[in-house]
Amino acid sequence: MQMALEEASLAASCGDVPVGAVLLDGHGAVIARNHNRREVNRDPTAHAEILVLREAGDRMGGWRIPGATLVVTLEPCAMCAGAIVLARIERVVIGARDPKTGAVESLYQLTRDARLNHQVDVVSGILADDASRQLKQFFRARRDKTIE
């Protein structure tokens with residue numbers, strides 16, 4: 001999670017919402033790491049989770065990534081949760097929950113939906129205070145700029 005938090009800091013330095021993700025193989029080795037790049041890429045799909053899944057697919061030569069663990073600082077949205085299921089990720093480790101758009105635990109439980117062809121183990125609350133603090137500081141600074 002510490003690596004994902006570092007990635008989230010990079011997103012904030014680029015003016016994007018501080019979300020970072022790291023994808024690990026079954027032995028704990030890093031396959032890919034990235035952060036939100038929606039502003040830089042001008043792409044609404046450039047979420048940290050999607051970017052690491054894309055990189056992993058390129059590196060591993062396929063879109064299925066079984067046995068992998070995705071570590072992410074903020075609970076994935078519906079788009080990312082769907083991609084996690086499609087990629088056959090084994091486990092998602094989440095920092096902070098997202099009560100507004102979270103699709104793993106908060107609003108929806110897409111990664112555990114038995115109607116889908118794959119379910120994902122979920123661990124949440126890992127360094128949640130640190131992840132929440134990053135997000136709160138980012139949005140506080142953004143609000144302060146708009147008030148000036």
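User: Let's start with charged side chains. How many salt bridges does the count come to here?

Analyst: The general idea is that side chains of opposite charge can pair when their charged atoms come close. In this predicted model, the count comes to eight salt bridges.

User: Which parts of the chain does the pair of Arg33 and Glu6 link?

Analyst: That pair brings together distant parts of the chain, with Arg33 in strand β2 and Glu6 in helix α1, 27 residues apart. The N to O distance in this salt bridge is 3.3 Å. As for exposure, Arg33 is partly exposed at a relative accessible area of 30%, and Glu6 is partly exposed too, at 41%.

User: Where does α1 lie relative to the strands?

Analyst: Helix α1 lies across β1, β2 and β3, and it runs at about 30° to β2. So keep both elements in view when you look at the Arg33 and Glu6 pair, since Arg33 is in β2 and Glu6 is in α1.

User: Is Glu105 buried or exposed in its salt bridge with Arg97?

Analyst: Glu105 counts as buried, because its relative accessibility of 16% falls under the 20% cut-off. Its partner Arg97 counts as partly exposed at 48%. Their side chains meet at 3.5 Å, N to O. Elsewhere, salt bridges with shared partners join Glu6, Glu7 and Arg33 into one network.

User: What about Glu90 and Arg91, how far apart are their closest N and O atoms?

Analyst: Those atoms are 3.7 Å apart in the salt bridge. Glu90 is partly exposed with a relative accessible area of 34%, and Arg91 counts as partly exposed at 28%.

User: On to the sheet. In what order do the strands come?

Analyst: Five strands form an open sheet in the order β2-β1-β3-β4-β5, with mixed pairing. At the edges stand β2 and β5 (121-124); each has a single partner strand, so one side of each has no neighbour in the sheet. On average, neighbouring strands are turned by 15° against each other, direction ignored.

User: How many bridges join β3 to β4?

Analyst: Five bridges join these two strands, which run parallel. For an example to find on screen, take Leu70, whose bridge partner in β4 is Val92.

User: Which residues have the most contacts inside the largest nonpolar core?

Analyst: The general idea first: in soluble globular proteins, nonpolar side chains tend to be buried together. Here the largest nonpolar core has 41 residues, and those with the most contacts inside it are Leu23, Ile31, Leu53, Ile65, Leu70, Ile84 and Ile89. Among the elements that each supply at least two residues of this core are α3 (48-60), α4 (78-86) and α5 (128-147).

User: What does Ile89 touch?

Analyst: Leaving out residues up to four places away in sequence, Ile89 touches Leu23, Leu53, Ile65, Ala68, Leu70, Ile84, His118 and Val120.

User: And where does Ala29 lie?

Analyst: Ala29 lies in the loop between β1 and β2, and at 35% relative accessibility it counts as partly exposed. Not counting residues up to four places away, Ala29 touches Leu23 and Leu24. Ala29 and Ala68 are 39 residues apart in sequence, with their C-alpha atoms 9.6 Å apart in space.

User: Last one: which residues form the aromatic pair?

Analyst: In general, a pair of aromatic rings is described by the distance of the centres and the angle of the planes. The count comes to one aromatic pair. Phe138 and Phe139 form it, edge-to-face, at 5.1 Å centre to centre with 80° between the planes. Phe138 counts as buried at 12% relative accessibility, while Phe139 is partly exposed at 31%.

Methods. Residues numbered from 1 in each chain as written. Predicted model: local features only at pLDDT ≥ 70, side-chain atom pairs only at ≥ 80, totals over all residues. Heavy atoms only, no water. Core = buried A, V, L, I, M, F, W, Y, C linked by side-chain atoms within 4.5 Å. Buried < 20%, exposed > 50% of the residue type's maximum accessible area, 1.4 Å probe, protein only. Helix = DSSP H or I, 4+ residues; strand = E, 2+ residues; numbered from the N terminus. Contact = heavy atoms within 4.5 Å. Salt bridge = Lys/Arg side-chain N within 4 Å of Asp/Glu carboxyl O. Phe/Tyr/Trp six-rings, centres within 6.5 Å; stacked < 30°, edge-to-face > 60°. Pairing = 2+ DSSP bridges. Axes fitted to C-alpha atoms, helices over the stretch in contact; angles between N-to-C directions.
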